[in-house]
Amino acid sequence: MNNITDLKALGWNEDLQSEFEAYGACCQVGRVAVEYKGLYKVYCEGGEVLASVSGKLIYAAAEREDYPAVGDWVLLDMRPEAGSKAIIRGIMQRKSKFSRKGAGNTVKEQIVAVNIDMLFICMSLNQNYNLRRLERFITMAWNSGAVPVVLLTKSDLCEDAGEKLAETAEVSPGVDVHCVSCLDDSAEKTVRQYVKPGLTIAFLGSSGVGKSTIINSLLGENLMDTREISGLGDRGRHTTTSRELIVLPDGGIVIDTPGMREFHIMDVEESIDTTFSDIYNLAAGCRFLDCTHTAEPGCAVLEAIGNGNLDENRYNNYIKLKKEAEFIERKTNRKAELEYKSLIRKRAKLIKALKK
Ligand SMILES: Nc1nc2c(ncn2[C@@H]2O[C@H](COP(=O)(O)OP(=O)(O)O)[C@@H](O)[C@H]2O)c(=O)[nH]1
Ligand SMILES: [Mg+2]
Ligand SMILES: [Zn+2]
């Protein structure tokens, strides 16, 4: 990365400039490109530096989100006396944040990328194709503050790409959906329509769906590690191991992410309504305002399933995601948890009293 001469190419804009001036424009700024263990590669005016986080920042950090993440704008103390290493003194306000719940039973947040404008959700048209997982990704994308776009990749490996495109578009209201392949120029051409100087696009999806191959085609070189198309057939392999922010030669910024095997949502109640806007609209017709669409009489959602206007699998996924979001909400929100516990206690008492 030697071609960065100005911050604009990295996505710097007037909002960031005024925030920076409000801090007294004391330090230099840069954008986090790669995160290593306790060390960051940061792009800044004139090049790149390796940086670590200041002791004060570590001391004040309570959560993962208090540390820099790929895509962050950070305040840098260049410290020429310390060789080429710089110190990160602060993180500028984030415009968007894509995170997921870490693996296992914890509700620990894992930040995938921040300050992204668009999220390209990549799903390949072979074994990876799964509309329920896609609904999950779209919900997370809306929740991040970035605009989702769906790329159905490896269309060359699929006989009924047209049908799948229609089916996918149906479960993705308000989201652009494209069928692409890297064997021709369709993937590159499609993505290029969205690329703009200063705009940040992150690529998400399971490993092996072709994210790095698409980014390489935009770069015009094989910067990202991918596997050869020939020989491997449709067995994609996990190739990218870390997240990386890349500035394209003709302008535009992309973030490649490693594949995600496990993918849990965070507290995303509102975004679920955006992803499932068809169900949200149907719900306006329910008899009860607080209808849960599970058993209530006069439920317009259940009625739509009954008369074939709503796909039952989509509905089931909606209920599942709602439950997951409520669970996370309770776990992360102490007040909600206490309220929930007190409700359970009251209920238990009531049930006991009724039994007597
Ligand atoms: N048949 C086919 N293979 C592809 C296509 N795009 C990528 N691949 C192959 O799929 C494998 C995984 O690609 P890669 O870009 O590393 O996936 P990533 O893990 O999502 O970054 C590699 O063997 C690629 O050559 C495509 O459009 N068609
Ligand atoms: Mg990759
Ligand atoms: Zn209802």
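Which residue in β5 is the bridge partner of leucine 76? The partner is isoleucine 88, and the pairing to which this bridge belongs is described below together with the other elements of this predicted model.

## Overall composition

The chain contains eleven helices and 13 strands. Of its 356 residues, 36% are buried. Among contacts with a separation of 6 or more, 65% are made by residues 24 or more positions apart.

Helix α1, which spans residues 14-22, is hardly covered. None of the nine residues of α1 is counted as buried. Glycine 24 follows α1 and has a positive phi, near 90 degrees.

## Pairing around strand β5

Strand β5 comprises residues 85-91 and pairs with strand β3, residues 47-53, in the parallel sense. Four bridges make up this pairing. Serine 52 has isoleucine 87 in β5 as its bridge partner.

Strand β5 is also joined to strand β4, residues 73-77, and here the two strands run antiparallel. This pairing likewise has four bridges. The bridge between leucine 76 and isoleucine 88, with which this report opened, links β5 to its partner.

## The six-stranded sheet

Six strands form an open sheet in the order β10-β9-β8-β11-β13-β12, and the pairing within this sheet is mixed. Its edge strands are β10 (176-179) and β12, each of which pairs on one side only. From one strand to the next, the twist averages 25 degrees.

At the β10 edge, strand β9 (residues 147-153) pairs with β10 in the parallel sense over four bridges. Leucine 151 has histidine 178 in β10 as its bridge partner.

## Strand β13 and its neighbours

Strand β13 covers residues 253-256. Ile253 and Ile255 point one way from this strand, while Val254 and Asp256 point the other way. In a regular strand, side chains alternate between the two faces of the sheet. All four of the named β13 residues are buried, the charged-type side chain of Asp256 being among them.

On one pairing, strand β11 (residues 200-204) runs parallel to β13 over four bridges. Threonine 200 stands opposite isoleucine 253 in β13. In the other pairing, strand β12 (residues 244-247) is antiparallel to β13, again over four bridges. Here leucine 245 stands opposite isoleucine 255 in β13. Strands β12 and β13 form a hairpin with five residues between the strands. In this hairpin, glycine 251 takes a positive phi near 95 degrees.

## Helices packed on the sheet

Helix α3 packs on the six-stranded sheet and touches β8 (118-124), β9 and β11. The direction of α3 makes about 170 degrees with that of β8. Helix α4 lies across β9 and β10 and runs at about 165 degrees to β10.

## Contact of α3 with α4

How do the axes of α3 and α4 cross, and at roughly what angle? Helix α3 (residues 131-144) and helix α4 (residues 161-171) have axes that come within 10 Å and cross at roughly 40 degrees. The two helices are therefore oblique to each other. Their crossing is right-handed.

In this contact, Leu131, Leu134 and Glu135 of α3 meet Glu167, Thr168 and Val171 of α4. By class, the contact residues comprise three nonpolar, one polar and two charged.

## Contact of α3 with α10

Helix α3 also meets helix α10, which spans residues 312-332. Their axes come within 10 Å and cross at roughly 45 degrees. The helices α3 and α10 are therefore oblique to each other, and α3 passes α10 in a right-handed crossing.

From α3, the residues in this contact are Arg132, Glu135, Arg136 and Thr139. From α10, they are Asn313, Asn317 and Leu321. The contact of α3 with α10 has one nonpolar, three polar and three charged residues. Glu135 of α3 is thus named in the contact with α4 and in the contact with α10.

Terms used. Residues are numbered from 1 along each chain as its sequence is written. Chains are lettered from A and ligands numbered from 1 in the order in which they are written. This is a predicted model: local features need pLDDT of at least 70, side-chain atom pairs count only at pLDDT 80 or more; totals for chains, interfaces and linings use all residues. Axes are lines fitted to C-alpha atoms, for helices over the stretch in contact, and angles run from 0 to 180 degrees between N-to-C directions. Angles under 35 degrees count as roughly parallel, over 145 as roughly antiparallel, 65 to 115 as roughly perpendicular and the rest as oblique. A crossing is left-handed if the near helix is turned anticlockwise from the far one by less than a right angle, and right-handed if clockwise. Two residues are in contact if their C-beta atoms, placed from the backbone, lie within 7 Å. A residue is buried if 20 or more other C-beta atoms lie within 10 Å of its own, exposed if 12 or fewer, and partly exposed in between; C-beta atoms are placed from the backbone. Two strands pair if DSSP finds at least two bridges between them.
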